[in-house]
Amino acid sequence: MSEAISGPGATGGNADPTHGGPRDPEHDPRASYVLEPEVVARLTDRILATTGATAQVHSPIDGAPLANIPQSSTEDVAEAFRRARVAQAAWARVSVDERARILHRLHDIVLDRQDEIIDLIQLESGKSRKHAFDEPMHIALTARYYARTAHRHLDTERRPGVVPVLTRVEVNRVPKGVVGIISPWNYPFTMALCDGLPALLAGNAVVTKPDAQTMLSALLGAQMLEDAGFPRDLWQVVAGPGRELGTPIIDRADYICFTGSTATGKIIARQAAERLIGCSLELGGKNPILVLRDADVERAAEGAVRASFSNAGQLCVSTERMFVADQVYDRFVDRFVARTKAMSLGVGLSWDADMGTLISADQLATVSAHVEDAVAKGARVLAGGQARPDLAPYFYEPTVLEGVTPEMTCFGNETFGPVVAIYRFHDEADAIARANDGEYGLNGSVYTRDTARGRAVARQIRCGTVNVNEAFGATFASIDAPMGGMRESGMGRRQGSEGIHRYTETQAVGTQRLLRFGPMLGMSDESYARMMTASLRIMDKLGRA
Ligand code: NAD
C-alpha cells in the first residue's frame, strides 16, 4: 500500500464533511478514513466547481465513503473552457520536442508511482490488483509511444503538387483547440487519461468529465500530468452527472472524445453533428471468441478466462460469446470451466485475487437479471451463477453459460459483467456468421495453431480489433495499432496515427512558382485548354497519380 493511503479504519485528519475528505467515523458509522482527508482535498482541488454541492463516493469493497466530490455547474464548464482556451493558445506555440519531453516524463511518473495509482483504482472500482495494474501500464505504453513518434504524426508533410517542380504542397497538422473528453468508470485512470495524451501532444487543451463514481483516479491522473510539466490550465476537470454537463461541454468543445455506452454515444453524436464538430465514440461490444478445431486448447482456455473475466467482465473488449469447434468442444469446455472454478475471488489491496467485485448495485442488478433470465429460459450454468455478498456487496461469480438462445436477454445484449455464453459450431463459415451477428463490432479473437489461417478468419470478423491466439492484449497494448469499433461499437479510433490525427485539422499550403493557372503570353482560352489536355495525357502516361 502506498504512503498516500492509510489502511481501512485508520484515524486522524480533518473530518469536516463538506470539505473533500470522508466523514468522521465518530459521527457517521459508515465512515472510514480509507483515504487521508488531505490526499482527497489535494485531488478534488483540481475540479473546477463553485456550486458548493458535493456528491459522496463510496468504495464498492465495503461501502465505506471515500470522498465528497465538489459538483460543477454549466457556468463552471464555461469557465473551464475559457481557461483551457487561454492555456491552449500558449501551448500551441511550444515545440513538439518539448511537448514530447513532458509526455515522456509522465511515463516515468506513472511507473514510479504505480502503487499509489493502483490503490486508488482498487478502492474506487473494487477490481483485483492485477487488473488495476493494466491501467498505469496502458498509460505508460501510450505516453512512451506518442512521445517517441510525435514527429512522425505531427510534422509538416510534403505532397506532390499538380505541376511537378513548380507547385509545392505542404500539409500542416493544426490543433483543433479544446477537446472535450467524457470517460467511463470501468478503467477510471486510463480511460480518463489515455485519449487526452495525444490531444495534448498535438497542441490542444482538454476539458474532461470523468464518471462520477471514479473521480479520484481521474484526478490523480490530472495531478500527474501537472507533475510531469503540463501547464495546469491545459487540463481542466469538471464533475457532475453526464446528462447535465454533457451538453454544455459539447456546446463549447472543438472536438469530443467519448467512451461509454452505445446509448449515450448516439446522444453525443447527434449533438456533435448539430455543431458540425468531430467526435470519436468508443462504445459497447458483444465480443466473440472463435476456438477453431486446431486450437491449442489449454492456451485458448487460459486466454478465454482473461477475455471473459478481466475486471469482472466490465471491460469494453471483454468476451461474452464463445464459439467452439465440435472437435475440441468437450476438451475446451472442460479446461475453461476448470480454470474458471479455480479462480480466487476477493477484494482488498493485495495481489491475491484473480477477480474483484462489480462496481455498483446497478451493475449487480444487470448481471443478476441477465443470468436469471437465461436460466429461467433454459440455459445451463457450468460455473458461477451467484452473487457473493459474503465477499463484497456487489460481488458476482465468474459465470459460464451453455444453451443460451436468441430469446434470452444476454444472447445479443451487452452484460458488461463476468458472464460468458459458450456455443458449439460444426462449420467455420457458420461460426463467423454467428460472430458477426448483432449490431456490435468492437473486438474479436481467434484461437488456432495455424496463425495465417487465424488472420484470414480475422479479416472476415467485423470488429475493429481482432486478436489471434490472444484475448485482447495483442491489439490493445500495441499502441501503434488503431483501436475502436465498427457498427454500433463506435466511430473513430484511439491509438496509432488515427488516435492523434483526430485531434488535428489538416491544412494544405500550396506555393505556385512561375507558371500561372490560366492562359499566358496572349494564349486563347481554347489553346490553353488544348495544351492542358495534352499535358494531362502526358502525366497519365508517365504514371503520375
Ligand atoms: P455511460 O454511457 O452511461 O457513461 C459514460 C460517461 O458518459 C460517464 O462519464 C457519464 O457521466 C457520461 N454520460 C452519461 N450520460 C450522458 C449524456 N447524456 N451526455 C453526456 N455524457 C453522458 O456508460 P457506462 O455504463 O458508464 O460505461 C459502460 C459502457 O462503456 C459499456 O457499454 C462499455 O462497453 C463501454 N466502454 C467502451 C469502451 C471502448 O473503448 N469502446 C471502453 C470502456 C467502456
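Where does Phe416 lie? In this predicted model, Phe416 sits in the loop that joins α14 (409-412) to β14 (419-425). Is Phe416 buried or exposed? Its relative accessible area is 14%, and buried means under 20%, so Phe416 counts as buried. To see what surrounds Phe416, set aside the neighbours within four places in sequence: Phe416 is then in contact with Trp185, Asn186, Gly313, Gln314, Leu315, Cys316, Glu320 and Gln363. Now look for Pro482, which is 66 residues from Phe416 along the chain; the C-alpha atoms of these two residues are separated by 23 Å.

Let's move on to a helix. α10 covers residues 262-275, which makes 14 residues. From its first C-alpha to its last, α10 reaches 20 Å, close to the 20 Å expected at 1.5 Å a residue. Which residues of α10 are buried? Thr262, Gly265, Ile268 and Ala272 are. These residues are on the same side of α10, because they cover an arc of only 110 degrees around the axis. The cover over the buried residues of α10 includes the strands β5 (178-182), β8 (255-259) and β9 (278-282), along with the helix α9 (242-252). Turn the helix around in your viewer, and on the face turned away from the buried side you will find the exposed residues Ala263, Arg270 and Glu274. Just after α10 comes Leu276, whose phi is positive, near 55 degrees.

Next, visit another loop. Gly464 is found between α16 (451-459) and β16 (465-468). With 24% relative accessibility, Gly464 counts as partly exposed. Which residues does Gly464 touch, not counting those up to four places away in sequence? The list is Gly441, Leu442, Gly484, Met486 and Arg493. You can also trace a path from Gly464 to Pro70: the two are 394 residues apart in sequence, and from C-alpha to C-alpha they are 37 Å apart in space.

Our last stop is on the surface. Here Met523, Met531 and Met532 form a nonpolar patch, and together they have about 220 Å² of accessible area. One of these residues, Met531, is found in helix α19, which runs over residues 525-541. How does its accessibility classify Met531? At 37% relative accessibility, Met531 counts as partly exposed.

Definitions and conventions
Residues numbered from 1 in each chain as written. Predicted model: local features only at pLDDT ≥ 70, side-chain atom pairs only at ≥ 80, totals over all residues. Heavy atoms only, no water. Helix = DSSP H or I, 4+ residues; strand = E, 2+ residues; numbered from the N terminus. Expected span 1.5 Å × (residues − 1). Buried < 20%, exposed > 50% of the residue type's maximum accessible area, 1.4 Å probe, protein only. Arc of directions from axis to C-beta. Contact = heavy atoms within 4.5 Å. Patch = residues over 30% accessible without salt bridge, like charges linked within 9 Å, V, L, I, M, F, W, Y side chains within 5 Å. Areas by Shrake-Rupley, 256 points an atom, 1.4 Å probe, with all protein chains shown as cover. Salt bridge = Lys/Arg side-chain N within 4 Å of Asp/Glu carboxyl O.
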